[in-house]
Amino acid sequence: MSSLMNQFKATANAHMRQEMERGNWVCQCEACHAIRSLVGLDKMLAVRPLVRELHQAEQRLAELPAGPERRNYLEQYLRLHDQLADELAK
Ligand SMILES: [Zn+2]
């Protein structure tokens, strides 16, 4: 994958996560446009639960004090990230 595509993906991922939490990914920036047309609607619906879980994990992480529970949560969070990346790369 080209580095431009990777940049698009990173930007679009961030925007998608923000917007999907509100229910819809409609951002019209160049990156989102490119990734959306590449990924397709089916995949968007498939990743939506993952995106929501990620967002919840992020909020939880922000609240948790440092400690074993936070470390566990962080691992889960990173796994979700990997899953999302895998889904988008399929
Ligand atoms: Zn965007």
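This report describes the fold, helix α1, the nonpolar core and several individual residues of a predicted model.

**Overall layout**

The protein chain contains three helices and zero strands. Read from the N terminus, its elements follow the order α-α-α. Helix α1 covers residues 3-21 and α2 covers residues 30-63, while α3 takes in residues 68-89. The C-alpha trace extends over about 40 × 30 × 20 Å along its principal axes. The chain has 90 residues, and 16% of them count as buried. Among contacts with a separation of 6 or more, 51% join residues 24 or more positions apart.

**Confidence**

The mean pLDDT of the protein chain is 84, and 97% of the residues reach at least 70. Confidence is lowest in α2, where the mean is 82, and highest in α3, where it is 87. Where pLDDT is low, predicted coordinates should not be read in detail.

**Helix α1**

Helix α1 has 19 residues, and at 1.5 Å a residue these should span 27 Å; the end C-alpha atoms are 27 Å apart, so the model agrees with the expected value. The buried residues of this helix are Phe8, Lys9, Ala12, Asn13, Met16 and Met20. They lie on the same side of α1, because they cover an arc of only 140 degrees around the axis. On the face turned away from that buried side are the exposed residues Ser3, Gln7 and Ala10. Just after α1 comes Gly23, with a positive phi of about 115 degrees.

Leu4 also belongs to helix α1. Leu4 has 10 C-beta neighbours inside 10 Å and therefore counts as exposed, since the cut-off for that class is 12 or fewer.

**The nonpolar core**

The largest nonpolar core is made of 12 residues: Phe8, Ala12, Met16, Met20, Trp25, Ala31, Cys32, Ile35, Val39, Val47, Val51 and Leu54. Both α1 and α2 supply at least two residues each to this core. Helix α2 gives the largest share, seven residues. In soluble globular proteins, nonpolar side chains tend to be buried together.

Phe8, Ala12, Met16 and Met20 are listed in this core and are also among the buried residues of α1. Val47 is another member of the core. Apart from neighbours within four places in sequence, Val47 is in contact with Leu84, Glu87 and Leu88.

**Individual residues and their distances**

His33 sits in helix α2. There are 13 other C-beta atoms within 10 Å of His33, so this residue is partly exposed. Glu58 is in helix α2 as well. Glu58 has 14 C-beta neighbours inside 10 Å and so counts as partly exposed. Asp86 is part of helix α3. Asp86 counts as exposed because it has 11 C-beta neighbours inside 10 Å.

The table pairs each of these residues, and Leu4, with a residue elsewhere along the chain.

| Residue pair | Separation in sequence | C-alpha to C-alpha distance |
|---|---|---|
| His33 and Ala12 | 21 residues | 8.3 Å |
| Asp86 and Val47 | 39 residues | 10.0 Å |
| Leu4 and Ile35 | 31 residues | 11 Å |
| Glu58 and His15 | 43 residues | 15 Å |

Three of the partners come from the core described above: Ala12, Val47 and Ile35 are listed among its residues. His33, which is partly exposed, lies 8.3 Å from Ala12 by C-alpha atoms. Leu4, which is exposed, lies 11 Å from Ile35 in the same terms. For Val47, the C-alpha distance to Asp86 in α3 is 10.0 Å, and the contacts of Val47 include Glu87.

**What does the buried side of α1 look like from the core?**

Which buried residues of α1 are there besides the core members? Lys9 and Asn13 are buried in this helix, alongside Phe8, Ala12, Met16 and Met20, which appear in the core list.

Conventions:
Residues are numbered from 1 along each chain as its sequence is written. This is a predicted model: local features need pLDDT of at least 70, side-chain atom pairs count only at pLDDT 80 or more; totals for chains, interfaces and linings use all residues. A nonpolar core is a set of buried Ala, Val, Leu, Ile, Met, Phe, Trp, Tyr and Cys residues joined through C-beta atoms within 7 Å. A residue is buried if 20 or more other C-beta atoms lie within 10 Å of its own, exposed if 12 or fewer, and partly exposed in between; C-beta atoms are placed from the backbone. Helices (H or I, at least four residues) and strands (E, at least two) are DSSP runs, numbered from the N terminus. Two residues are in contact if their C-beta atoms, placed from the backbone, lie within 7 Å. The expected span of a helix is 1.5 Å times one less than its number of residues. The arc is that of the directions from the helix axis to the C-beta atoms. pLDDT is the predictor's confidence in each residue, from 0 to 100.
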